[in-house]
Amino acid sequence: MDINSFMESFKENLLTLFGDNLLFLGLQGSYGRGEAKETSDIDPVIILQQCGKDEILKYRAYIDTLPEKGILCGFVSSIDELRAWESADRAQLILDAKPVYRDLAELCPPITRDDIRRAVQQGACAIYHASSHNILHARNWSILPELYKGARFTIRMKHYLLTGVYVSAFRELTAVVDEEEKTILEVQDPGREDAAFMLLEWASKTMRDITPN
């Protein structure tokens, strides 16, 4: 699909729907990164001045009219909720959302280096815990692709922490990370026990590397 045309029409319809209540519209996910496939979801980020029951039901009624409603996902909140959001998660949202209408960073507290470090730490810790539990107990290798997907986001934030350069597209990220992380990004068959151990070892190293002395 022509995502630019879709998002332009989407923006105009949201402005008609919400008027001045619409503070920001962006696009994240694979379409935002320019890596979408035919099966990809559309992930808009919508920030309103007020976002209560009436606004949520109004937005739901609107997306129910769209042919694309089955692939629409994304994030919707008020600006007050976003400002109160856990700052490491909020930093990832701000960095990942490609602006379509206005600038999200201008609406939120500045992203700090500690926000980025905690985003990496949280991602690596979650992957380590899930990988360890799976190796020891569940032994369900079918969940590994999702864990590897989480690792890609964590590697992207780690690169930003270390270099100050945010690389949106994963295909571009592989060219600028070290060989170990390139292997994680490019693994072709993550549904094996050895892939689970490789992910566990990467998460362990990442946790230790970014923890302040």
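Helices here are DSSP runs of H or I with at least four residues, numbered from the N terminus. Keep that in mind while you work through these exercises on a predicted model.

**Exercise 1. Find the helix that holds K11, then decide whether K11 is buried or exposed.**

Step 1: Look along residues 3-18, which make up helix 1; K11 lies in that helix.
Step 2: Check the relative accessible area of K11, which is 13%. Buried means under 20%, so K11 counts as buried.
Step 3: See what K11 touches. Leaving out residues up to four places away in sequence, the list is L25, V100 and Y101.

**Exercise 2. Work out how many helices and strands the protein has, and in what order they come.**

Step 1: Count the elements: you should get 10 helices and 4 strands.
Step 2: Walk from the N terminus and write down each one. The order is α-β-α-β-α-β-α-α-β-α-α-α-α-α.

**Exercise 3. Find out which residues H159 and L95 touch.**

Step 1: Start with H159, in helix 7 (residues 144-163). H159 has a relative accessible area of 11%, so it is buried.
Step 2: Skip the neighbours of H159 within four places in sequence. What remains is G164, V165, V167, L173, V176 and V177.
Step 3: Now go to L95, in helix 5 (residues 87-96). With residues up to four places away set aside, L95 touches I111, I116, M157, Y160 and Y166.
Step 4: Take one of those partners, I111. L95 and I111 are 16 residues apart along the chain, and their C-alpha atoms are separated by 9.3 Å.

**Exercise 4. Explain why C73 is in no disulfide, and then look at C108.**

Step 1: Recall the cut-off: two cysteine sulfur atoms must be within 2.5 Å.
Step 2: Find the cysteine sulfur closest to that of C73. It belongs to C51 and is 17 Å away, which is too far for a bond.
Step 3: Repeat this for C108. Its nearest cysteine sulfur, also that of C51, is 14 Å away, and C108 is in no disulfide.
Step 4: Search the whole structure, and the total is 0 disulfides.
Step 5: Add the surroundings. C73 is partly exposed at 40% relative accessibility, whereas C108 is buried at 9%.

**Exercise 5. Say where R102 and R139 sit and what their phi angles are.**

Step 1: R102 lies in the loop between strand 4 (98-101) and helix 6 (113-138). Its phi is positive, about 70°, although R102 is not a glycine.
Step 2: R139 is in the loop between helix 6 and helix 7. This residue isn't a glycine either, and its phi is about 55°.
Step 3: Compare their accessibilities with the cut-offs. R102, at 48%, counts as partly exposed, while R139, at 56%, counts as exposed because exposed means over 50%.

**Exercise 6. Decide whether the radius of gyration agrees with that of a compact globule.**

Step 1: For 213 residues, a compact globule would have a radius near 17 Å.
Step 2: The protein has 19 Å, which agrees.
Step 3: Fit a box around the C-alpha atoms along the principal axes, and you get roughly 50 × 40 × 35 Å.
Step 4: Look inside and out. Of the 213 residues, 44% count as buried, and the protein exposes about 11,300 Å², with carbon and sulfur atoms supplying 51% of that area.
Step 5: Finish with the charges: 24 side chains are positive and 33 negative, and the centres of the two sets lie 2 Å apart.

Methods. Residues numbered from 1 in each chain as written. Predicted model: local features only at pLDDT ≥ 70, side-chain atom pairs only at ≥ 80, totals over all residues. Heavy atoms only, no water. Buried < 20%, exposed > 50% of the residue type's maximum accessible area, 1.4 Å probe, protein only. Helix = DSSP H or I, 4+ residues; strand = E, 2+ residues; numbered from the N terminus. Rg over C-alpha atoms; globule rule 2.2 N^0.38 Å. Areas by Shrake-Rupley, 256 points an atom, 1.4 Å probe, with all protein chains shown as cover. Lys, Arg positive; Asp, Glu negative; His and termini not counted. Charge placed at Lys NZ, Arg CZ, Asp CG, Glu CD. Contact = heavy atoms within 4.5 Å.
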